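Hi everyone, thanks for coming. Let me put a structure up on the screen, and then I'll talk you through it.

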Amino acid sequence: MNVKNAVYGAIIGDVAGSRFEFNPIKSKNFDLFYSFSGKGYDVNQTLEDYFKSSKFTDDTVMTIAVANALIEANGDFSNLRELAVKNLKYFGRKYPYRGYGSKFQQWLNWDLNKPYNSFGNGSAMRISSVPYLANSIDEVKRLSKMVTDVTHNHPEGIKGAEAVAVSIWLALHNYTKGDIRKEVENNYYNLDYDYNELLKTYTHDETCQNSVPQSIYAFLISTDYEDCIRTAISMGGDADTMACIAGSIAGAYYGVPSDLQNQVLNFLPDEFVDIISNINSINK
């Protein structure tokens, strides 16, 4: 059974793409999950084995942080920015060494809570829970900005997160791929790509402007949820984050296959699973 789930859609993409982040595959033919030990996320491994294995990265940790901030807000978003900062720092410090960018790592360990003008794609990979709380596209945009500009206050960072959040909201509310493409192209990015050309020329890029549109395109040309994940990873870019972004939209549009959701549970701490369950059950 497939269940609409943007958050699991994002996290499955992150785990599946994690071992290809700096080892691009340029193919859809690979095991979606692979653990060198054959066990879960907390097994002692050599560093080489760790990088060869599927794992949750900073994308999942920050997705959970934003989701928990929204849960703690409990419908009152007046202090959402403060809750976002608290949760981003709490979970980031609790789960270190998960691939955080250097500037974000500095922010995590900084006692001051000022944004640092980032336009990295970290803003877009952590946004998947926001559309569950929004009753309109305008509210999606407002909440998206509130959880984004606490770190990524550059216009491109804000735009990247908003484009993904709006796409997820449309997918959750049964809009077509044509509707989603039109919304993105009219307000955010040109999506005039060719997949085969991307396979030849696209390389690792961690900016919103050069990875978010490609991730949305991966969703638009996909045939189902799993194909979307494989398509995003095969482009050979920032694989975990692109699959996380594309997967968040695909999870909302197609639904997440129960077998993939069950498989990814082996890589997640129990508290992450509880938070995902809570954000998905919130009554608006």
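I'll start with the overall fold and finish with the cysteines.

One note before that: this is a predicted model, where local features need pLDDT of at least 70, side-chain atom pairs count only at pLDDT 80 or more, and totals for chains, interfaces and linings use all residues. Residues are numbered from 1 along each chain as its sequence is written, and side-chain values use heavy atoms, with hydrogens and water left out.

The protein chain has 15 helices and two strands; these are DSSP runs, H or I of at least four residues for helices and E of at least two for strands, numbered from the N terminus. Along the principal axes, its C-alpha atoms fill a box of roughly 45 × 45 × 35 Å.

How much of the chain is buried? Of the 284 residues, 58% are, where buried means under 20% relative accessible area, with a 1.4 Å probe and protein chains only. Now take contacts, meaning heavy atoms within 4.5 Å: among those between residues at least 6 apart in sequence, 75% join residues at least 24 apart.

On to the cysteines. How many disulfides are there? Zero, a disulfide being a pair of cysteine sulfur atoms within 2.5 Å. Why is C228 not bonded? Because its closest cysteine sulfur, in C244, is 11 Å away, too far for a bond. C244, likewise, is in no disulfide. C228 counts as buried at 0% relative accessibility, and C244 counts as buried at 1%.

Thanks for listening!

Definitions and conventions: Buried means under 20% relative accessible area, exposed over 50%, partly exposed in between (1.4 Å probe, protein chains only).
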